[in-house]
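Dear colleague,

Here is the structure I promised to pass on, together with some notes on its charged side chains. Please keep the model open while you read.

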Amino acid sequence: MKSKLYYVLYFLYAVVVAFVLYLNGVFSGEEISIVNLTINIVFLIVIGILFLISSVSFGKLNNVTYELEDVAIRLQKEYKEANGKNLWGNYRENGKMFEDEKLQAAFQKYRMRMRSAKSKKGSVPSCDLEEYINEDLIDRVSMNFFNSGISGTLTGLGILGTFLGLSMGLGSFSGDDIFTVSDNVGALLSGMKVAFHTSVYGIFFSLVFNFVYRSIMSDAYETLDEFLNVFRQTVQPPTIKGDESSAAMLVYQSGMANSLKQMLDMMKGDAMEQTAGVERIVDKFTVQMQAALDTDFKKLGNALKSAGETQAVSAANAAEMVEAVTALVEVNRNVQAVLANIMERQEQFANELEEQKKMLAQTCNEMSDEISSQLYTFGQMRNMYEE
């Protein structure tokens, strides 16, 4: 079964640990590099911890998967014993369906929603159990947020070990001639040994874990789909039919029509009298407002006039500020142009210095070669003279 596939990780982990210890001379009796062995052991311990955490989440996922399988089989058996009768009545009051706490809590939410939405004729609105028991629940149980990053983490550890081993090898590598270089080749090869070992088992574990994880999740999703199909066939209560929905809509429309009729009855009367009464009220209100607020309206006009004058002054100040800012921007643009010219000249000067440096180095090399040639000629002449 795919749900047990993660046990392969333990077997492969033990094989890789034994293989790494053998390559580092623990079993073969060769000289043991303590640094290399320590690095490999640290990396393997980190990988083992990641596998352990993932195994715990896989165990919880297996419990949920087994629970869904068992409940699906039980529902099919009960449905057959009830001669094809819907089983919702058995679980409407007594809502104990799952042993797992997360599944039972989700089913309780579904049951409470169905009971609270019950209609007069015993039917309920459309509501599917998949709204509560779905792939999101599976992802939370399986710690998908953690396990989905394990594969990339293992690959990253392999790359980290590669750079660490190369850094160790290159750090121990030194020498100016062929004799000193050959003495440090062993240290370089030792660092490369760490680099290749960590890369190999890091990428290997990444591939294996990715395969195992995807297989387990695929099996869990398939089991969930099978359970939901069985639940819809055996337990899910009937929903409101089309004729009942139409009848409810007609009742609602009839009620709205009665309410509108009552409002029209209340508004019956002589429209002309009502209009005249409203006009008298408006005229009286206008006269009183004009008498009470005449002085205040004058004050308001003066205040608005003063505000207009102040706004005009502010507009003039703003125009002056805009002109000043425009001038400042122009000055800034000129300064930038001057700086760009200076930078260009400095770059040209740097290029000229670089060319002069190359010419000076070439001249020094030529002089060195000439002096060496003269010294060699002088040595040959001295030897001829001594002979």
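In this predicted model, Glu135, Asp136, Glu222, Asp225 and Glu226 form a negative patch on the surface. Two helices each supply at least two residues of that patch, namely helix 5, which covers 135-141, and helix 9, which covers 185-234. Of the two, helix 9 gives the largest share, with three residues, while Asp136 is one of the residues that lie in helix 5.

There is also a patch of positive charge on the surface, where Lys60, Lys102, Lys109 and Arg140 gather. Lys102 belongs to helix 4, which is made up of residues 101-116, and with a relative accessible area of 48% this lysine is classed as partly exposed, because the class of exposed residues begins only over 50%.

Turning to pairs of opposite charge, a search of the whole structure finds five salt bridges, and I describe some of them here. As general background, side chains of opposite charge can pair when their charged atoms come close.

One of these pairs is Arg74 with Glu78, whose closest N and O atoms are 3.7 Å apart. The two residues are four places apart in helix 2, which means that about one helical turn separates them. Both ends of this pair are partly exposed, since Arg74 has a relative accessible area of 31% and Glu78 has a relative accessibility of 24%.

A second pair is Arg232 with Glu130, where the closest N and O atoms are 2.8 Å apart. Because Arg232 sits in helix 9 and Glu130 in the loop between helix 4 and helix 5, this salt bridge ties together parts of the structure that are 102 residues apart in sequence. Arg232 counts as partly exposed at 31% relative accessibility, and Glu130 is likewise partly exposed, with a relative accessible area of 37%.

A further pair is found in helix 11, which runs over residues 271-386. There Glu330 forms a salt bridge with Arg333, and the closest N and O atoms are 2.5 Å apart. Since Glu330 and Arg333 are three residues apart in that helix, they are separated by about one helical turn. Glu330 is partly exposed at 39% relative accessibility, and Arg333 is also partly exposed, with a relative accessible area of 45%. Returning to the salt bridge in the loop, Glu130 and Arg232 are joined with Asp128 into one network by salt bridges that share partners.

Finally, which side chain of opposite charge is nearest to Glu67, and how far away is it? The nearest is Arg74, at 5.8 Å, and Glu67 is buried yet has no salt bridge. The distance helps to explain this, because a salt bridge is counted only when the nitrogen and the carboxyl oxygen are within 4 Å. Glu67 is placed in helix 2, which spans residues 34-81, and, leaving aside residues up to four places away in sequence, Glu67 touches Met97, Phe98, Glu99, Asp100 and Leu103. Arg74, for its part, is the arginine that forms the salt bridge with Glu78 described above.

With best wishes

Methods
Residues numbered from 1 in each chain as written. Predicted model: local features only at pLDDT ≥ 70, side-chain atom pairs only at ≥ 80, totals over all residues. Heavy atoms only, no water. Patch = residues over 30% accessible without salt bridge, like charges linked within 9 Å, V, L, I, M, F, W, Y side chains within 5 Å. Areas by Shrake-Rupley, 256 points an atom, 1.4 Å probe, with all protein chains shown as cover. Lys, Arg positive; Asp, Glu negative; His and termini not counted. Charge placed at Lys NZ, Arg CZ, Asp CG, Glu CD. Buried < 20%, exposed > 50% of the residue type's maximum accessible area, 1.4 Å probe, protein only. Contact = heavy atoms within 4.5 Å.
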